[in-house]
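Hi everyone, thanks for coming. I'd like to walk you through a structure today, so please have a look at the screen while I bring it up.

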Amino acid sequence: MKDKLHNAARQWELLDSTGHVPAAPPYPALLRHAIDAQDLSRDVLRLTADFAESPHHTTHVGKTVQKHLATAATMSSHAAPHFAETAECALTLPRSANPTDRHYLTNRMVIDHAWARAFLRRASESLRDAAKELDGHVGFQRFLAPLIRQEGPPAPPPPRPGGRHR
């Protein structure tokens, strides 16, 4: 999930190879960014809800993981509307004859698309932090497991000398 968000943020681009907004931005592709971002967000929300319903969320580590997952859910849910705004501007841009309006729409597209990608990156980072927290906890438990097994159950106390008295 973390990698999907990170790759989407890296791969979904608005600008062309020269660093400019294309004269006719591809509305269907930009709309696809919004759809895919919404799907990713739904997956993050589901993961967050599943963890919140698990018994693990009540532990100290679980509370920290839950915080990271909640941040990821929030960040990922903000991406789709910004991608949708970008697509809406792309649809409006070719109809705009006024250069000032075109300049405004172009800038708005760049900003909305950049915000959407930033939200995906932040969601990915939060998922990474949650995974690190869990991995550190599991690693610590793996370290303790052999020590606990070596100790075994406590030995019974030695019998008292003299046995029973009558």
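Let me start with a question: leaving aside its neighbours within four places in sequence, which residues is His 33 in contact with? They are Trp 12, Glu 13, Phe 83 and His 113. Before we follow those contacts, please keep in mind that this is a predicted model.

Now for the overall layout. The chain has 4 helices and 0 strands, and from the N terminus on, its elements run α-α-α-α. There are 166 residues in the chain, and buried ones make up 30% of them. If you take the contacts with a separation of 6 or more, 76% of them are between residues 24 or more positions apart.

Back to His 33, then. You'll find His 33 in helix H2. His 33 counts as buried because its relative accessible area is 9%, and the cut-off for buried is under 20%. Across from it, the C-alpha atom of Ala 80 is 7.5 Å from that of His 33, although the two are 47 residues apart along the chain.

That brings us to how H2 meets its partner. Helix H2, residues 27–53, packs with helix H3, residues 60–92, at an angle of about 165°, and the axes are 8 Å apart. The pair is therefore roughly antiparallel, since angles over 145 degrees count that way. The crossing of H2 past H3 is left-handed. What is this contact made of? Its residues divide into 22 nonpolar, 9 polar and 1 charged.

One of the polar residues worth a look in H3 is Gln 66. Gln 66 is buried, with a relative accessible area of 16%. Not counting neighbours within four places in sequence, Gln 66 has contacts with Thr 48, Phe 51, Ala 52 and His 57.

Next, the nonpolar cores. In soluble globular proteins, nonpolar side chains tend to be buried together. Here, the largest nonpolar core holds 24 residues, and those touching the most other members are Leu 5, Trp 12, Phe 83 and Leu 120. Helix H1 (2–11), H2, H3 and helix H4 (99–151) each supply at least two residues of this core. Which helix gives the most? That is H3, with 9 residues.

Trp 12 deserves a moment of its own. Apart from neighbours within four places in sequence, Trp 12 is in contact with His 33, Asp 36, Ala 37, Leu 40, Phe 83, His 113, Arg 117 and Leu 120. There is also a second, separate core of 9 residues, with Leu 30, Leu 93, Leu 105 and Met 109 among them.

Two of those, Leu 30 and Met 109, turn up again around Thr 86. Thr 86 sits in helix H3 and is buried, with a relative accessible area of 0%. Its other contacts, again not counting residues up to four places away in sequence, are Leu 14, Asp 112 and His 113.

Last stop: is Trp 115 buried, partly exposed or exposed? Trp 115, in helix H4, is partly exposed, with a relative accessible area of 42%. Beyond neighbours within four places in sequence, Trp 115 is in contact with His 82 and Arg 122. The C-alpha atoms of Trp 115 and Ala 79 are separated by 7.3 Å, and these residues are 36 apart along the chain.

That's my tour, and I'm happy to go back to any view you like.

Terms used: Residues numbered from 1 in each chain as written. Predicted model: local features only at pLDDT ≥ 70, side-chain atom pairs only at ≥ 80, totals over all residues. Heavy atoms only, no water. Axes fitted to C-alpha atoms, helices over the stretch in contact; angles between N-to-C directions. Parallel < 35°, antiparallel > 145°, perpendicular 65-115°, else oblique. Left-handed = near helix turned anticlockwise from the far one by under 90°. Core = buried A, V, L, I, M, F, W, Y, C linked by side-chain atoms within 4.5 Å. Buried < 20%, exposed > 50% of the residue type's maximum accessible area, 1.4 Å probe, protein only. Contact = heavy atoms within 4.5 Å.
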